[in-house]
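Colleague: Could you take a close look at a single helix here, and then place it in the rest of the chain?

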Amino acid sequence: AEGGIVASGVGILTMEDRNLWAHHREALKAESPHNRGVLKDINSALLVVCLDRATPQTMTERSMHVLHGSSDELNNRWFDKFQVIADEVGNVGINFEHSHADGVSWNRWLTEVWNDMQGLPPPSGMTPLPGIPSVASIPGVDGPLRMDFDVPWALTAPIKATRTRAEALVSLPETRMLVFEGYGKRMCKAWKASPDGIVQMALQCAFHRLYGKMAATYESCATRTFFHGRTEVIRSAHSEAKHLAEVLWDGAAHRQDKEKVLREALSRQTQLSREASAGMGVDRHLLALKKLAMGVTPHSPPLSSLLAKTDDLPDMFQEDPFAYSQTWLLSTSNVTTSWNVIFNFGPVSDHGYGVGYLIHDDQVHINITCFKGSPETNSPVFAAALEEAFMKIHEVMGPGA
């Protein structure tokens, strides 16, 4: 029985440290030709489908289930692949590792598939998906094939140890899903304001309200106009946002004055967004300079960054202000689509928040994560402050046209 549990739980090794998993993977391959065949089949698949017995009821439970699941789902994952996760309630989500894929690619893929499934025309500028012929059977395939591993005895203890670490890992995040129903894209447009800018300024004001300071903020921006372009950072914690955060709750300030400050903050946010998408942000340039200082170039061998020395970096990269500017207390991303209701990811710093959001016509869906062990963060408290900031902005801007 114990061997069966271990054999069925090989996928949990994909949650392990990358170097350890690579070592264990080689041990699996060395054990038998059968294992090599199973790994080859998994590698060649476009994605894996995870059929869970979980029954999440609330939006927060659904978010947690797709992001990391509970200990009951740990055996039913393969984190090296795109994972389509379905539960017994009928919810379906996608989980993937970020380093090799950005929202632009998977958002387009899912949007095209969704429109095709619903019989809708493809998104603007895209051609319809080709028809897929229906077949009663596939020659040589009688049905689903069970793929078990021959697990060497030497991997029994590592698999158990990985499960212990994985259970501890999935217990760390604190998630709160906020569905703000006060307004959405439609009213922002009536205000002649950027919907994304409104959300970003609400985040800045909420954080300042709770902590009395601004947070180094990462908003992901696609640089899709460039060949092989991936992302740049929109730094939403600017002087105009700080001014707004200081006056938004000021009872002595007039509404018209607050609106002027808000519109100035939105204008600055729009400017920074355009600059970032045009390759005029600062963070990717700083990253390139740092890599060059480490002796890493575009022609360096893979993984050379891991072996490069950092002792001789220019002083700028070793000083506290630079480190602070790269410690993202608010890591945020907007991947709005009409078909999605939850977008989530974990925090990227020990005492920060991960904020994924979707701006619909009359609602904003915001997923907030942090680490339970941090004495400085609390997802439910931040969600409440964010909702209050949204309503304060509504007071300032009015009911709209």
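Modeller: This is a predicted model. On the other side of helix H6 from its buried residues, Ala157 and Thr164 are exposed. The buried residues of H6 are Thr156, Pro158, Ile159, Thr162, Ala166 and Val170. They lie on the same side of H6, because the arc they cover around the axis is only 155°. The length of H6 can be checked too: at 1.5 Å a residue, its 15 residues, 156-170, should span 21 Å, and the end C-alpha atoms are 21 Å apart, which agrees.

As for the interior, the largest nonpolar core has 45 residues, of which Ile366, Leu386, Phe390 and Ile393 touch the most other members. Elements that each supply at least two residues of this core include strand E4 (173-180), helix H8 (195-211), strand E9 (364-371) and helix H14 (379-397). H14 gives the most, with nine residues. Leaving aside residues up to four places away in sequence, Ile366 touches Arg176, Met177, Leu178, Phe180, Val355, Gly356, Tyr357, Leu386 and Phe390. Apart from this core lies another, of 20 residues, and Val170 of H6 is among them, as are Trp21, Val48 and Cys50.

The protein chain as a whole has 14 helices and nine strands. Its radius of gyration is 24 Å, close to the 21 Å that the globule rule gives for 401 residues, so the chain is as compact as a globular protein of that length. Buried residues make up 43% of the 401. Of the contacts with a separation of 6 or more, 67% are between residues 24 or more positions apart.

How values were computed: Residues numbered from 1 in each chain as written. Predicted model: local features only at pLDDT ≥ 70, side-chain atom pairs only at ≥ 80, totals over all residues. Heavy atoms only, no water. Helix = DSSP H or I, 4+ residues; strand = E, 2+ residues; numbered from the N terminus. Expected span 1.5 Å × (residues − 1). Buried < 20%, exposed > 50% of the residue type's maximum accessible area, 1.4 Å probe, protein only. Arc of directions from axis to C-beta. Core = buried A, V, L, I, M, F, W, Y, C linked by side-chain atoms within 4.5 Å. Contact = heavy atoms within 4.5 Å. Rg over C-alpha atoms; globule rule 2.2 N^0.38 Å.
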